[in-house]
Amino acid sequence: MPETYDVIVLGAGAAGLMCAARAGQRGKRVLLLERSEKPGKKILISGGGRCNFTNIGASPANYLSQNPHFAKSALARYTARDFLALVESYDISWHEKTLGQLFCDGSARQIVDMLLAECKKGDVELRCGVEVTRVERTETFEAETNAGSFRAPSLVIATGGPSIPKMGATGFAYNLARQFGLKVVEPRPALVPLTLGGEEVLFREISGVSAPVVASAGEASFPEAALFTHRGLSGPAILQASSYWKPGDPVAVNFVPSRQDGWLIARKNDTPRATLRSVLREELPDRLADILAERLAVPGDLGNIPDKALRVAQEQLTRWTFRPRGSEGFAKAEVTAGGISTGELSSKMMQSTKVPGLYAIGEAVDVTGWLGGYNFQWAWASGVAAGDAL
Ligand SMILES: Cc1cc2nc3c(=O)[nH]c(=O)nc-3n(C[C@H](O)[C@H](O)[C@H](O)COP(=O)(O)OP(=O)(O)OC[C@H]3O[C@@H](n4cnc5c(N)ncnc54)[C@H](O)[C@@H]3O)c2cc1C
């Protein structure tokens, strides 16, 4: 006979650990199954090993989803300050790096240890190295694994998305959701470097150069750093824009975001002997300035360049249009956008509206945060929403 529990949580990542701890502490008998040899692997590598565990300004506006209202309820009921209070209750010291992004002073290991301690408080049974291969539903859910079968009336899908398959990430959550008749919004790589081809390969020459820009894709704009790479574009501004980018679309980059209209004409009047290249070198790293000046093709002293040409050059610098060939794909994507459709879930409980007892949380769901601690905040908040409802 398979062992029986109140709840089986599939996946001991950020969302699964949080959900299991919460349900366990409410008195549920919880089994948490993890295919890797250790829990919270993505937490451990996150934020360069220091885990950007939340963003103090997290609000629904920082998330992408087919239903932008879906995340409101869970995010309002378990906020960044709630998670921070938990972190502080474990004496984990932290700092704000930039833009509300909170990191551990020490190591991401502290966050995993904290979540494991929370699970222990709830008597959660964590089994690592156990891969769920199939789930059947009769009166209860039965999870088949390489270590036998387990049964429970409630099952939580917390197996994440397929980003970074090298770490064992898969689309298991989507197959399971589809098996139970739940719709899945086409998963796509997000927070991912973009690749350049054609004439734009020229920019690969300046691989390693970064600059503060405003990068825009679709309706969204991000004032952060862009980085040129040997394959194309990366850096926080580009990663953020990539989540809103669709194949075939341009990405617009403002290389002189602090400059007002008429700046180059004013420079012409003040310093007619300067060149576009020398003026750009005051604003940007030399190699980037040189490549932009070369492409703008207005050589000579500013004093000899007609105002109209300078106006056009400034417009181009303000809205430099890259046409990415593609992205570096799931192999390099920090998260997966899309996933189990929010239309299938209760926003308060994260429970399927079609299949009672079936829950989905974290990255497996079609809610994707910006770069900067937002994805973990969603994992905590959706984990708590389900953990409290189970
Ligand atoms: C390099 C990197 C850095 C990141 N840094 C940050 C950051 O600093 N801040 C931030 O907010 N976000 C960051 N993220 C994103 C964040 O890690 C994820 O959004 C978050 O981990 C999602 O949590 P989750 O629990 O939904 O999924 P996951 O953390 O992916 O957990 C899913 C778990 O399920 C397990 N699993 C999968 N299939 C099965 C199965 N069949 N049976 C049993 N177990 C299974 C997996 O092994 C995994 O442990 C980063 C991501 C990456 C890749």
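## Charge and overall build

In this predicted model, the 43 positive and 41 negative charges of the protein have mean positions 2 Å apart. The exposed area of the protein comes to about 16800 Å², and 50% of that area is supplied by carbon and sulfur atoms.

The protein contains twelve helices and 23 strands. Its C-alpha atoms fit a box of roughly 85 × 40 × 35 Å along the principal axes. The chain has 390 residues, of which 54% count as buried. If one takes the contacts between residues at least 6 apart in sequence, 72% of them join residues at least 24 apart.

## The ligand and its shell

There are 29 residues around the ligand, and the nearest of them are Ala15, Glu34, Asn52, Glu363 and Phe376. Several polar distances can be listed for the ligand:

- Ala14 places a backbone N or O atom 3.1 Å from an oxygen atom of the ligand.
- Glu334 has a polar side-chain atom 3.4 Å from a nitrogen atom of the ligand.
- Gly373 has a polar backbone atom 3.5 Å from an oxygen atom of the ligand.

Taken alone, the ligand would expose 1000 Å², and the protein buries 92% of this area. The elements that contribute two or more residues to the shell are α1 (14-25), β3 (30-34), α2 (41-45) and α12 (374-389). The greatest contribution is that of α12, which supplies three residues.

## Thr336 in strand β21

Strand β21 spans residues 335-340 and includes Thr336. Is Thr336 buried or exposed? Its relative accessible area is 0%, so Thr336 is buried.

Leaving aside residues up to four places away in sequence, Thr336 touches Gly161, Pro162, Ser163, Tyr174, Pro187, Arg188, Phe330, Glu363 and Thr368. One of these, Glu363, is also among the residues that come nearest to the ligand. Thr336 and Gly171 are 165 residues apart along the chain, while their C-alpha atoms are separated by 9.9 Å.

## Gln240 in helix α7

Gln240 belongs to helix α7, residues 236-242. Gln240 counts as buried because its relative accessible area is 2%, and the cut-off for buried is under 20%.

Which residue shares a side-chain polar contact with Gln240? The partner is Glu224, and the contact between the two side chains is 3.2 Å. Glu224 also appears in the list of residues that Gln240 touches, together with Leu191, Phe222, Trp370 and Leu371. That list does not count residues up to four places away in sequence.

## Two residues with positive phi

Most residues other than glycine have a negative phi. Leu191, one of the residues touched by Gln240, has a positive phi of about 45 degrees. Leu191 sits in the loop between β13 (184-190) and β14 (194-195). Its relative accessibility is 1%, and therefore Leu191 counts as buried.

Ala297 is not a glycine either, and its phi is near 50 degrees, a positive value. Ala297 is found in the loop between α10 (286-296) and α11 (307-318). Is Ala297 buried or exposed? With a relative accessible area of 53%, Ala297 is exposed, because the cut-off for exposed is over 50%. Thus the loop residue Leu191 is buried, whereas the loop residue Ala297 is exposed.

Definitions and conventions. Residues numbered from 1 in each chain as written. Predicted model: local features only at pLDDT ≥ 70, side-chain atom pairs only at ≥ 80, totals over all residues. Heavy atoms only, no water. Helix = DSSP H or I, 4+ residues; strand = E, 2+ residues; numbered from the N terminus. Buried < 20%, exposed > 50% of the residue type's maximum accessible area, 1.4 Å probe, protein only. Contact = heavy atoms within 4.5 Å. Areas by Shrake-Rupley, 256 points an atom, 1.4 Å probe, with all protein chains shown as cover. Lys, Arg positive; Asp, Glu negative; His and termini not counted. Charge placed at Lys NZ, Arg CZ, Asp CG, Glu CD. Near = heavy atom within 4 Å. Polar contact = N/O pair within 3.5 Å; in protein donor to acceptor, adjacent residues only side chain to side chain.
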